[in-house]
Amino acid sequence: MADPAIVGAAVAAPVMLIVALALAASVSTRHPLRPMTTAAVPAGVIAGVIAVVVTGDVDGARLMSVVGATAAGASMVAAVVRTRAPFAVAVLGGGVVAGGTLALIAALQLAVVPSLLERAFAAVDLGGALARYVAPSALIAGVLLTAPRMVSRDGADTRSAVSRWVTAAAAAGGAAVAVAAGALAAERTPAAAASILFAVAAGAALGVTGWMLVVRIAGRAAHPIDPIAGSLVGASAVVLVLPALVPVAVAACAAAAGLAGGSLRGGRRPLLGSCLGVLAGVAAGGVIVGLLAEGIGFAATGGLGQSAAQVAAVAAVAVPAGASGVLVGALTRVVRRAGRAGIGAPGGPGDDNSPGAPGL
């Protein structure tokens, strides 16, 4: 029987990520939770079914990890890809495709022991970042590449700069807590809580710093997604294989993840760039893991095989998820065109190129 604390961590991880996303989305949308929860519920149901089918029988913690990761991933899509109707309702077929893709990846990575990628590439991901953040980010990128004008701004943010920064800090903190809870659920060892919390806090801080530094040096306006993306990549990088990292390696992983992620966050399409930045950040953190981790890194093996395995694992998750996103984006465009012709649900005009609130 699963430890109640581990089950609680598995539930807390997606809840905190959804809260963090809602805080970030609240800067430019009036009701971010409505489409997010509408997408999360059916995705979670799909995930539960797929988890049982794929694994045959899973304990409570692993089942909740799969359901939660998929629900949070669907919320990530809905928070970014907005229409006048909620995402899962406006594009029901696309919602099923997206939810099914995220659920299958989550089941194979979080519920199967050892995970598919560990067996296929000998890649490590103790915190489950590949299923929790890489997969939905790749899916969103696929959607935005296919249907680039799918982000709507329902209302301008009239808060002060201080209030916007407080919101940004809260979103980044929520993302870090989500990573920590996910790592605890994946590690299944409450005794590791202290080291995970400390490393995640340091990783999130360095990840945000590196991400925002690159964005500012490039002269780009800050976007509400920046602090949450920086926190995610920095924290995720350090929990890929935390027990094998010394403090210097923790700092190097987080900094590399933040700098690599922020470098891909372009100015013209910040949301697409942020999604690609998450992929690059986790991959960069994996490269540093392959170099510095005790026992499996370059110093121990004399080879770069572990770094290559980490990058291959990111690609193995990102390619099918991105392809699913391309399909969802194509379906979304069909629904929008039908709505304009008066034969389907209306889709609202949006602009993925909007930089968001400049002061955030």
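Let me begin with one residue, A244, which counts as buried because its relative accessibility is 11%, and the cut-off for that word is under 20% relative accessible area. A244 sits in the loop that connects helix 10 to helix 11, the latter covering residues 247-263. Although A244 and V289 are 45 residues apart along the chain, their C-alpha atoms are separated by 8.6 Å. I should say at once that what we are looking at is a predicted model, and I would ask you to keep that in mind throughout.

Now to the chain as a whole. How many helices and how many strands does the chain have? There are 14 helices and zero strands, so that, if you read the elements from the N terminus on, you meet α after α until the end. Of the 360 residues in the chain, 57% are buried.

Let me turn next to the empty space, beginning with the pockets. The largest pocket has a volume of about 410 Å³, and it is lined by 20 residues, of which Q109, E118, D125, L126 and A186 are the closest to its centre. Helix 3, helix 5, which spans 92-111, and helix 8, which spans 161-187, each give at least two residues to the lining of this largest pocket.

As for enclosed space, the structure contains four cavities of 30 Å³ or more. The one I want to discuss is the second largest cavity, with about 130 Å³ of space in it. Its lining consists of 13 residues, and those closest to the centre are M76, S137, I225, C275 and V278. Which helices each supply at least two residues of that lining? They are helix 3 at 60-80, helix 7 at 129-146, helix 10 at 225-238 and helix 12 at 270-292. Helix 3 therefore appears in both accounts, since it supplies at least two lining residues to the largest pocket and at least two to the second largest cavity.

C275, which I have just named among the residues closest to the centre of that cavity, brings me to the cysteines. C275 is buried, because its relative accessible area of 8% falls under the 20% cut-off. C253 is buried as well, at 0% relative accessibility. How many disulfides does the model have? The count comes to zero, where the rule asks for a pair of cysteine sulfur atoms within 2.5 Å.

Two points of backbone geometry deserve a careful look on your screens. The peptide bond that joins V113 and P114 is cis, with an omega of about -10°, and P114 belongs to the loop between helix 5 and helix 6, where helix 6 covers 116-121. The loop that comes between helix 6 and helix 7 holds A122, and A122 has a positive phi of about 60° although it is not a glycine. Is A122 buried, exposed or partly exposed? With a relative accessibility of 44%, A122 is partly exposed, because that value lies between the 20% and 50% limits.

I will finish on the surface, where V41, V45, V49 and V53 make a nonpolar patch of about 390 Å². V53 is part of helix 2, which runs over residues 33-55, and V53 is classed as exposed because its relative accessible area is 63%, with the limit for that class set at over 50%.

Conventions:
Residues are numbered from 1 along each chain as its sequence is written. This is a predicted model: local features need pLDDT of at least 70, side-chain atom pairs count only at pLDDT 80 or more; totals for chains, interfaces and linings use all residues. Side-chain values use heavy atoms; hydrogens and water are left out. Patches are made of residues with over 30% relative accessible area and no salt bridge: like charges are joined within 9 Å, nonpolar side chains (Val, Leu, Ile, Met, Phe, Trp, Tyr) within 5 Å. Accessible areas come from the Shrake-Rupley method with a 1.4 Å probe; for residues, only the protein chains shown count as cover. A salt bridge is a side-chain nitrogen of Lys or Arg within 4 Å of a carboxyl oxygen of Asp or Glu. Helices (H or I, at least four residues) and strands (E, at least two) are DSSP runs, numbered from the N terminus. Buried means under 20% relative accessible area, exposed over 50%, partly exposed in between (1.4 Å probe, protein chains only). On a 1 Å grid over the protein atoms alone, a cavity is a set of points where a 1.4 Å probe fits but cannot get out, and a pocket is an open set with protein on both sides within 12 Å along at least five of seven lines; lining residues have an atom within 4 Å of a point. Grid points are joined across faces, edges and corners, and a volume is the space filled by probe spheres set on the points.
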